[in-house]
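Before reading on, it may help to have the chain open in a viewer, since the paragraphs below move from one part of the model to another.

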Amino acid sequence: MATLQQNYQNFMQNLAQAAAKAGRPSESVRLVAVSKTFPAADIRTLYAAGQRDFGENYVQEWQDKAESLADLPDIVWHIIGDVQSNKTKAVAERAHWVHTVGRLKTAQRLSAQRPSAMPPLQVCIEVNITGEAARHGVAPEEAVDLAAAAAKLPNLQVRGLMCVAEAGADEAALVKQFGKMRVLLAGLNAAGVAADVLSMGMSGDWEVAVDCGASHVRIGSAVFGRRDYGR
């Protein structure tokens, strides 16, 4: 527990320093603590330390944790993995954010299944910024049109864009990829979609992402420690 709390405090200090280096206030960058494979007890520990935003990749794992942490009133759940059609209802009914909308069909299902009494579901359009065939997300040249279409749906609020940069890319390549995302975000606003979110940057590249304008960084191992996928 003490190690987890120390990791968290260290990361938050580093995040504030990175924001300052980029000429930005620390509150302009939000940490989404990626808790996949880690137990609900770890999430509870970080919550007690002040963290509120948590990201989960797998819907079933997230549902189990959300149930056991239902007593935490202001926890904010971010779905950051691909949402299959048979999982949209569960996500629409309980999540606060979805970072991985890469198809209009997904957006339509989430909107239709979002209870009208709840606030709009906050969504980001996932962009396949690397062009790799195995990656999820929409092609960059299609992102603005998808965002505009999703923004017309009644129970969603399109907040911006999300990407996963190329694994192992050097800093110049990362700057190029993250820079494209910044240009696309400007394109969303020019098209009438009031968007302010760039969800980009993970444990290996988050500092470059902050320098390139990330508003949300998705951090797992740098906060929680090394993952044990055998759990």
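Helices here are DSSP runs of H or I with at least four residues, strands are runs of E with at least two, and both are numbered from the N terminus. The coordinates belong to a predicted model, and with that in mind the loop between strand S1 (30-34) and helix H2 (40-49) is a suitable place to begin, as it holds Thr37. Thr37 has a positive phi of about 75°, although this residue is not a glycine. Its relative accessible area is 15%, which is under the 20% cut-off, and Thr37 is therefore counted as buried.

Lys36 lies in the loop between S1 and H2 as well, and the UniProt record, in an unreviewed entry, lists Lys36 as "modified residue: N6-(pyridoxal phosphate)lysine". Lys36 is buried, with a relative accessible area of 13%. The UniProt record also lists residues 8-226, again in an unreviewed entry, as "domain: Alanine racemase N-terminal". Over residues 8-226 the chain is 42% helix and 18% strand, and the C-alpha atoms at the two ends of this range are 14 Å apart.

The charged side chains offer another way through the model. Side chains of opposite charge can pair when their charged atoms come close. How many salt bridges does the structure hold? The structure holds 10 salt bridges, and one of them joins Asp71 to Arg44, with the closest N and O atoms 2.9 Å apart. Because Asp71 lies in the loop between helix H3 (59-68) and strand S3 (76-79), while Arg44 belongs to helix H2, the pair ties together parts that are 27 residues apart in sequence. Arg44 counts as partly exposed, at 32% relative accessibility.

A salt bridge between Glu93 and Lys89 has an N to O distance of 2.6 Å, and here both partners sit in helix H4 (residues 88-94), four residues apart, so that about one helical turn separates them. Glu93 is partly exposed, with a relative accessible area of 38%, and Lys89 likewise counts as partly exposed, at 45% relative accessibility. The side chains of Glu132 and Arg135 also meet in a salt bridge, at 3.3 Å from N to O; Glu132 is partly exposed with a relative accessible area of 33%, and Arg135 is partly exposed with 26%. Elsewhere, Glu56, Glu61 and Lys65 are linked in a network of salt bridges.

Charge also appears on the surface in another form. Glu166, Asp170, Glu171 and Asp211 gather there in a patch of negative charge, and patches of this kind are made of residues with over 30% relative accessible area and no salt bridge. Within this group, Asp170 is found in the loop between strand S6 (156-163) and helix H7 (171-190).

Helix H4 can be revisited through Ala92, which lies in that helix. Is Ala92 buried or exposed? Ala92 is buried, with a relative accessible area of 0%, whereas Glu93 in helix H4 is partly exposed. The C-alpha atoms of Ala92 and Ala133 are separated by 28 Å, and the two residues are 41 residues apart along the chain.

The loop between S3 and H4 contains Gln84 and also Asn86. Gln84 counts as partly exposed, at 48% relative accessibility, while Asn86 is exposed, with a relative accessible area of 60%. From Asn86 to Arg109 the C-alpha to C-alpha distance is 9.8 Å, for a separation of 23 residues in sequence. From Gln84 to Arg114, which are 30 residues apart along the chain, the C-alpha atoms are separated by 16 Å.

A last pair begins in helix H6 (residues 140-151), where Ala151 is found. Ala151 counts as partly exposed, at 37% relative accessibility. The C-alpha atoms of Ala151 and Gly204 are separated by 32 Å, with their positions 53 residues apart along the chain given as the sequence separation.

Notes
Residues numbered from 1 in each chain as written. Predicted model: local features only at pLDDT ≥ 70, side-chain atom pairs only at ≥ 80, totals over all residues. Heavy atoms only, no water. Patch = residues over 30% accessible without salt bridge, like charges linked within 9 Å, V, L, I, M, F, W, Y side chains within 5 Å. Areas by Shrake-Rupley, 256 points an atom, 1.4 Å probe, with all protein chains shown as cover. Salt bridge = Lys/Arg side-chain N within 4 Å of Asp/Glu carboxyl O. Lys, Arg positive; Asp, Glu negative; His and termini not counted. Charge placed at Lys NZ, Arg CZ, Asp CG, Glu CD. Buried < 20%, exposed > 50% of the residue type's maximum accessible area, 1.4 Å probe, protein only. UniProt positions renumbered as here; feature names shortened; annotations may be inferred.
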